[in-house]
Amino acid sequence: MLKVGIIGVGTVGASVANILKDNKDIITARAGIEITPTIGVVSNLNKDRGVSIKLTDNIDEVLNDESIDIVVELMGGIEKPYEVVKKALEKGKAVVTANKALLAYHRYELQDLAGDTPFEYEAAVAGGIPIINALRDGLTANNIQSIRGIMNGTCNYMLTKMINEGVDYDTILQESQELGYAEADPTFDVGGFDAAHKLLILGSIAYGIDAKPEDILIEGIENIAPEDIDFANEFNYSIKLLTIAKKVEDEIELRVHPVFIPNSEMIAKVDGVMNGVSVIGDKVGETMYYGPGAGGDATASAVIANIVDIARRGKGSPMLGFESSHGENLKLMSKDNIQTKYYFRLRVEDKPGVLAKVANILSDKNISIEKMIQKPLNDTCAHLLLSTHTCLEKDINEALNAIEETGAVTAKPVMIRIED
């Protein structure tokens, strides 16, 4: 028998305990050994958790219990869970976590600590989608060329409603909060930080690259406006908050931001609160993974899959996918050197010479315009909606700063990248 201690019996923790009990027979048959949740740690013992296991508010009751074989960490946060997981590994206990923030900052330290002790984290990325297993095991024969993911259901729900129903950002944010998709403070989701944590984990598995959230390009969806939706509909694009990992020679792009993406792309069809991840390998081509990215039972399903895997293997497999150093010496690409297409929205004075000023600035930076729409706002102002051919991030930012400094724009320019 394997005994499991759950640190953090919230929505997911309670689902883990109940699924292990409700589906005990099939789980035992698949694992080859009985798996029993025996104790859970909570912060408030007076709150009903809907579970039949013993509850405590003392983490040491789990860490110091020699009969506990597997610790499931579902606390949330970064530094406190890091100390808890360190202690569990030091005591030789296998660990399963769904904590993406913990791994975004401490995955390499934890890999070194774990050694041969099993440490699994499938539920940390895209909830019920087995993307960690796919990258680490299923695609192990491939050099990964790129990963593109929709990995925040809150943002995807909001953008889907904005595109399909014409709902404005503030209205759909309030609706998302009322439905429980967005927190009272939604910054972590709509600002792109949640998705960035997940991207960093996938980037380590695919490329062996170590980076922290502050090292990569992260932008949220707060500035998406109806004019951007009109442009998307005009040119057959969807707007998605996309996580992108891409190998370009000996450098890796890691970035999270809204994009215009053609409706013909598979990942553009991932709507609502669902998640989707596209992976391109040099041998297999494109593979696509789709499913729920959050929710108690969906996330618990991934946690229990890791527990069963530990029961089967005993010894831990390489946490981040590599038994030895990667060998390619890949490095993180500078944000300035990213190359893609760009869209920008300019609120300008509606008078002669303004478009010429904008065109001259873009020309000076070797930026060519691919598409343009002008939409009058009133008698004195208009929106210029422009898209470019492929160019450098550095050049785009310098051009937009120069346009702003001319005084021809009456509001700060808004830029969105295009992924064709």
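## A parallel sheet

Isoleucine 6 stands opposite valine 72 in E4. These residues sit in two neighbouring strands, E1 (residues 2-7) and E4 (residues 70-73), which run parallel and are joined by four bridges. Strands here, labelled E, are DSSP runs of at least two residues, while helices (H or I) need at least four, and both are numbered from the N terminus. Two strands count as paired if DSSP finds at least two bridges between them.

The wider setting is an open sheet of six strands in the order E3-E2-E1-E4-E5-E6, with parallel pairing. Its edge strands are E3 (54-56) and E6 (119-120), each of which pairs on one side only.

## How to read this model

This is a predicted model: local features need pLDDT of at least 70 and side-chain atom pairs count only at pLDDT 80 or more, whereas totals for chains, interfaces and linings use all residues. Residues are numbered from 1 along each chain as its sequence is written, and side-chain values use heavy atoms, with hydrogens and water left out.

## Strand E14 and its partners

Let's move along to strand E14 (residues 339-349). Eight of its eleven residues are buried, so the strand is mostly covered; buried means under 20% relative accessible area, exposed means over 50%, and partly exposed lies in between (1.4 Å probe, protein chains only).

E14 pairs in the antiparallel sense with strand E16 (residues 381-388) over seven bridges, and valine 348 has alanine 382 as its bridge partner there. Five bridges link E14 to strand E18 (residues 414-418), again antiparallel, with lysine 341 partnered by isoleucine 418. Strand E17 (residues 391-392) is also antiparallel to E14 and is joined to it by two bridges; glutamine 339 has leucine 392 as its bridge partner in E17.

## Serine 278

Where is serine 278 found? It belongs to strand E11 (residues 274-281). Is serine 278 buried or exposed? With a relative accessible area of 2%, serine 278 is buried.

Its side chain makes a polar contact with the side chain of glutamate 286 at 2.5 Å. A polar contact is a pair of N or O atoms within 3.5 Å; within protein, one must be able to donate a hydrogen and the other to accept it, and residues adjacent in sequence count only if both atoms are side-chain atoms. Leaving aside residues up to four places away in sequence, serine 278 touches Ser146, Ile147, Arg148, Ile267, Glu286, Thr287 and Met288, where contact means heavy atoms within 4.5 Å.

## The largest pocket

About 1,200 Å³ of space lies in the largest pocket. A pocket is an open set of points on a 1 Å grid over the protein atoms alone, with protein on both sides within 12 Å along at least five of seven lines; a cavity is a set where a 1.4 Å probe fits but cannot get out, and lining residues have an atom within 4 Å of a point. Grid points are joined across faces, edges and corners, and a volume is the space filled by probe spheres set on the points.

H1 gives the most to this pocket's lining, with three residues. Other elements that supply at least two residues each include helix H5 (100-114), helix H12 (296-313) and E11. By class, the lining has 17 nonpolar, 17 polar and seven charged residues. Here Ala, Val, Leu, Ile, Met, Phe, Trp, Tyr, Cys and Pro count as nonpolar, Asp, Glu, Lys and Arg as charged, and the others, Gly among them, as polar.

## One cavity

A search of the whole structure finds one cavity of 30 Å³ or more. The largest cavity holds about 30 Å³ of space, and its lining divides into six nonpolar, no polar and three charged residues. Among the lining residues are Asp215, Glu253, Lys335 and Ile338.
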